[in-house]
Amino acid sequence: MGREGLSADHKNFGAEINDMIRERRINILDCPIDNLSRKETVALIEDMIRQRLSCQHVVINVDKLLKVRRDRKLHDIISQCDIINADGMPIVWVSRWLGQPLPERVAGIDLMHDLVSLSAQKNYRIFFLGARQDVVQAVVGKYRMLYPDINIVGFRNGYWPESEEEDVVNEIRAAAPDILFVAMSSPKKEMFLNRYRQKLRVPFVMGVGGSFDVVAGYTQRAPLWMQRRGLEWLFRLMQEPKRMWRRYLIGNTQFVFIVAREMFGPKARRNSPQHQ
């Protein structure tokens with residue numbers, strides 16, 4: 001694919017897409033989320049890549065929603081993202097309880113698999129950034145085995161001194177990928193992509209958290225029945241209790257209190273039919 005500048009038609013097309021997404025953007029517990037299915041999300045991303053638009057994607061789960069509520073800078077960065085999906089059944093359930101139902105959960109790892117498969121079909125150029133070097137190498141090896149014709153133009157680990165950050169950005173830009181997957185923790189990856197999005201000049205960038213570890217086989221994903229019941233957090237807690245107990249036990253408790261206050265607190269009572 002060429003790297004020409006955007007034509008006026010392309011810019012207008014991009015504005016139309018952004019307007020369409022913004023019209024479907026809702027607010028769940030002070031966090032913006034797009035009312036999109038997984039299929040709709042993939043179609044939008046494909047349109048943006050084909051039209052050489054700049055798109056930053058982010059997913060929201062319980063942990064990130066709590067971070068967004070505490071960190072105004074992160075809230076502003078996520079609000080500026082072009083596509084915001086709900087990655088977590090609790091977010092979907094809350095959207096329904098609050099009368100703004102999301103169609104389904106769009107898990108980041110599932111979306112990454114969809115886009116890798118699409119890239120193999122369309123010859124999109126992919127760059128993998130993040131995790132340990134052995135992990136990202138395993139990810140590249142796994143996808144090359146699954147898709148022999150996949151066009152992976154670069155990969156590197158997610159650890160570098162601050163003095164080398166510009167070099168990392170230049171390496172990615174020189175590789176000219178169509179898709180950049182970034183496997184780093186939050187809010188580090190959101191800050192990095194926001195800081196360098198324009199300089200990277202990648203049509204589609206996506207933070208994928210711990211997805212590389214799953215693809216590489218270093219961690220397991222919860223069984224489907226646990227995913228559907230919103231219990232992936234419990235499965236991960238059982239795998240990494242020392243690292244994850246605070247995030248899930250304390251964080252989930254905070255989330256429950258926030259939801260209860262939203263549903264049954266003074267604001268909810270004021271908005272109830274009998275008070276209108």
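# A guided look at one predicted chain

In this predicted model, the side chain of His75 reaches out to the backbone oxygen of Asp30, at 3.2 Å. That contact is a handy place to start, and the rest of the briefing moves outward from it. The protein chain has 276 residues, and 50% of them count as buried. It holds 14 helices and eight strands. Among contacts between residues at least 6 apart in sequence, 75% join residues at least 24 apart.

**His75 and its surroundings**

- His75 belongs to helix α4, which covers residues 72-80.
- Is His75 buried or exposed? His75 has a relative accessible area of 13%, and because the cut-off for buried is under 20%, His75 counts as buried.
- Setting aside residues up to four places away in sequence, His75 touches Asp30, Pro32 and Val68. Asp30 is thus named twice here, as a residue that His75 touches and as the owner of the backbone oxygen that the His75 side chain reaches.

**Asn35, another side chain that reaches a backbone oxygen**

- Asn35 sits in the loop between β2 (31-34) and α2.
- Which backbone oxygen does the side chain of Asn35 reach? The partner is the backbone oxygen of Pro101, at 3.5 Å.
- Pro101 also appears among the contacts of Asn35 once neighbours within four places in sequence are left aside; the others are Arg24, Glu40, Leu102 and Pro103.

**Glu165 and Tyr196**

- Glu165 lies in helix α8, residues 165-175.
- Although glutamate is a charged residue by class, Glu165 is buried, with a relative accessible area of 12%.
- What does the side chain of Glu165 make a polar contact with? It pairs with the side chain of Tyr196, at 2.9 Å.
- These two residues are 31 residues apart along the chain, and their C-alpha atoms are separated by 9.9 Å.
- Beyond neighbours within four places in sequence, the contacts of Glu165 are Trp160, Phe192, Arg195 and Tyr196.

**The nonpolar cores**

- The largest nonpolar core has 35 residues, and the members that touch the most others are Leu115, Phe128, Phe181 and Phe212.
- Which elements each supply at least two residues of this core? The helices are α2 (38-50), α6 (108-122), α7 (133-146) and α10 (211-216), and the strands are β5 (125-130), β7 (179-183) and β8 (204-207).
- Leu115 gives a closer view: with neighbours within four places in sequence left aside, Leu115 is in contact with Ile45, Ile179, Phe181, Phe204 and Met206.
- There is also a second, separate core of 24 residues, and Ile28, Leu74, Cys81 and Val92 are included in it.

**An enclosed cavity**

- How many cavities of 30 Å³ or more are there? The count comes to one.
- The largest cavity has a volume of about 30 Å³.
- Its lining is made up of Gln56, His57, Val58, Val59, Lys64, Lys189, Glu190, Leu193 and Gly207.
- By class, this lining has three nonpolar, three polar and three charged residues.
- β3 (55-60) and α9 (188-200) each supply at least two of the lining residues, and β3 gives the most, with four.

**Backbone details to look at**

- Most residues other than glycine have a negative phi, and most peptide bonds are trans. The next points concern places that depart from this.
- The peptide bond from Ser186 to Pro187 is cis, with omega near 5°. Pro187 lies in the loop between β7 and α9.
- Ala176 has a positive phi, near 55°. Ala176 is found in the loop between α8 and β7, and at 17% relative accessibility Ala176 counts as buried.
- Arg201 also has a positive phi, near 55°. The place of Arg201 is in the loop between α9 and β8.

Conventions:
Residues numbered from 1 in each chain as written. Predicted model: local features only at pLDDT ≥ 70, side-chain atom pairs only at ≥ 80, totals over all residues. Heavy atoms only, no water. Core = buried A, V, L, I, M, F, W, Y, C linked by side-chain atoms within 4.5 Å. Buried < 20%, exposed > 50% of the residue type's maximum accessible area, 1.4 Å probe, protein only. Contact = heavy atoms within 4.5 Å. Polar contact = N/O pair within 3.5 Å; in protein donor to acceptor, adjacent residues only side chain to side chain. 1 Å grid on protein atoms, 1.4 Å probe; cavity = no way out; pocket = protein on both sides within 12 Å on 5 of 7 lines; lining within 4 Å. Points joined across faces, edges and corners; volume = space filled by probe spheres on them.
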